[in-house]
Amino acid sequence: MTCHACGAQLSAGAKFCHKCGAAVATTGATGWRAGFPWALAGAALGALVTVVAMRATSGPARSDQAVAPFANGAASGGGVRPPDISQMSPEERANRLFNRVMTLAEAGKQDSVQFFLPMALGAYEQLPTLDADARYHIGLLQLAGGDVAAALAQADTIQRATPNHLFIYVLRAHAYQVQGNTAQEQRAYADFLRHEQAELALKRSEYDDHRESLTNFHTEAVRQAQNPRRPAS
Ligand SMILES: [Zn+2]
Ligand SMILES: [Zn+2]
């Protein structure tokens with residue numbers, strides 16, 4: 001299964017792309033009308049795999065874990081230790097939570113996404129200024145939470161400060177894809193390709209940080225340009 005928006009390889013059952021945050025199996029009427037039977041089949045298969053994996057790992061130790069679900073990580077060194085966020089700068093804290101939510105979204109753990117999402121967004125609210133990269137992270141978080149309108153607003157805000165920033169088009173393509181707005185989605189891909197060379201030549205550090213996403217997005221944009229899907233309306 002690959003991400004429709006950026007072409008990244010996704011794990012089975014992933015509801016969101018870990019590279020760009022695009023929803024894989026869109027929920028609601030637009031998703032059904034747009035027709036992604038392969039995505040829905042992938043989600044169903046993912047659920048099955050999860051069940052099998054849970055059966056496989058649930059041995060005699062299961063009851064112990066159920067008694068102390070939070071003691072595991074802290075007590076045993078092997079577990080995932082929660083980061084000591086009190087020692088972090090506000091930027092580090094926000095970025096850590098961003099990565100956390102994106103990883104959970106990629107794994108299809110929507111309950112955990114909803115749990116960490118307000119924390120992550122709150123961490124960005126506490127930053128004194130928001131640059132294009134921070135707004136991109138916020139937009140991806142909002143997409144992971146299903147708030148498409150807010151993600152589009154982030155893209156608009158980036159555009160006011162930096163008119164041709166590539167993150168504008170990445171956010172828009174994903175947002176419009178979730179909405180089933182094929183015409184606007186295609187336009188975002190085309191805008192990306194039109195500004196890509198000049199923008200990459202500026203060597204913005206955030207392009208380096210997200211090089212893999214941008215490369216995947218470029219591949220998808222070229223594919224879309226060669227084989228455009230007909231707008232739904
Ligand atoms: Zn993607
Ligand atoms: Zn970034």
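In which kind of crossing, left-handed or right-handed, does H5 pass H6? The legends below take up this question and others, and they describe a predicted model.

**Figure 1. Overview of the protein, a predicted model with 12 helices and 0 strands.** Read along the sequence, the elements follow the pattern α-α-α-α-α-α-α-α-α-α-α-α. The protein has 233 residues, and buried residues make up 41% of them.

**Figure 2. Close-up of helix H5 and helix H6, which pass each other in a left-handed crossing.** Helix H5 covers residues 90–106 and helix H6 covers residues 110–125, and their axes come within 9 Å of each other while crossing at roughly 155°. Angles over 145 degrees count as roughly antiparallel, and H5 and H6 are therefore described as roughly antiparallel to each other. The handedness asked about at the start is thus left-handed, with H5 as the helix that passes H6.

**Figure 3. Close-up of Ala-105, a residue found in helix H5.** Ala-105 has a relative accessible area of 0%, and it is buried because this value falls under the cut-off of 20%. The C-alpha atom of Ala-105 is separated by 9.0 Å from the C-alpha atom of Gly-145, although these two residues are 40 residues apart along the chain.

**Figure 4. Close-up of helix H8 and helix H9, whose axes come within 9 Å of each other.** The axes of H8, which covers residues 148–161, and of H9 cross at roughly 160°, and that angle makes H8 roughly antiparallel to H9. In this pair, H8 passes H9 in a left-handed crossing.

**Figure 5. Close-up of helix H9, which covers residues 166–179.** At 1.5 Å a residue, the 14 residues of H9 should span 20 Å, and this expectation agrees with the model because the C-alpha atoms at the two ends of the helix are 20 Å apart. H9 is mostly covered, since 13 of its 14 residues are buried. The residue that follows H9 is Gly-180, whose phi is positive and lies near 75°.

**Figure 6. Close-up of the zinc ion (ligand 2) and its protein donors.** The donors are Asp-133 (OD), listed twice, together with His-137 (NE2) and His-210 (NE2), and they lie 1.9 to 2.6 Å from the zinc ion. Along the chain, the donors follow the spacing D-x3-H-x72-H. The two histidines link distant parts of the chain, for His-137 belongs to helix H7 (residues 132–144), whereas His-210 sits in the loop between helix H11 (205–209) and helix H12 (211–226), 73 residues apart. The 4 donor atoms subtend angles of 54 to 149° around the zinc ion, and the arrangement is irregular because of these angles; four donors would count as tetrahedral if all angles lay between 85 and 135 degrees. Both histidines fall under the 20% cut-off for burial: His-137 is buried with a relative accessible area of 5%, and His-210 is buried with a relative accessible area of 11%.

**Figure 7. Close-up of Lys-203, a residue with a positive phi although it is not a glycine.** The phi of Lys-203 is about 50°, and the residue lies in the loop between helix H10 (182–201) and H11. Lys-203 is exposed, because its relative accessible area of 71% is over the cut-off of 50%.

Conventions: Residues are numbered from 1 along each chain as its sequence is written. Chains are lettered from A and ligands numbered from 1 in the order in which they are written. This is a predicted model: local features need pLDDT of at least 70, side-chain atom pairs count only at pLDDT 80 or more; totals for chains, interfaces and linings use all residues. Side-chain values use heavy atoms; hydrogens and water are left out. Donors are N, O and S atoms within 2.8 Å of the metal (3.2 Å for Na, K and Ca); water is not among the atoms, so sites may look incomplete. Four donors count as tetrahedral if all angles lie between 85 and 135 degrees; four count as square planar and six as octahedral if opposite donors are over 155 degrees apart and all others between 65 and 115; anything else is irregular. Helices (H or I, at least four residues) and strands (E, at least two) are DSSP runs, numbered from the N terminus. Buried means under 20% relative accessible area, exposed over 50%, partly exposed in between (1.4 Å probe, protein chains only). The expected span of a helix is 1.5 Å times one less than its number of residues. Axes are lines fitted to C-alpha atoms, for helices over the stretch in contact, and angles run from 0 to 180 degrees between N-to-C directions. Angles under 35 degrees count as roughly parallel, over 145 as roughly antiparallel, 65 to 115 as roughly perpendicular and the rest as oblique. A crossing is left-handed if the near helix is turned anticlockwise from the far one by less than a right angle, and right-handed if clockwise.
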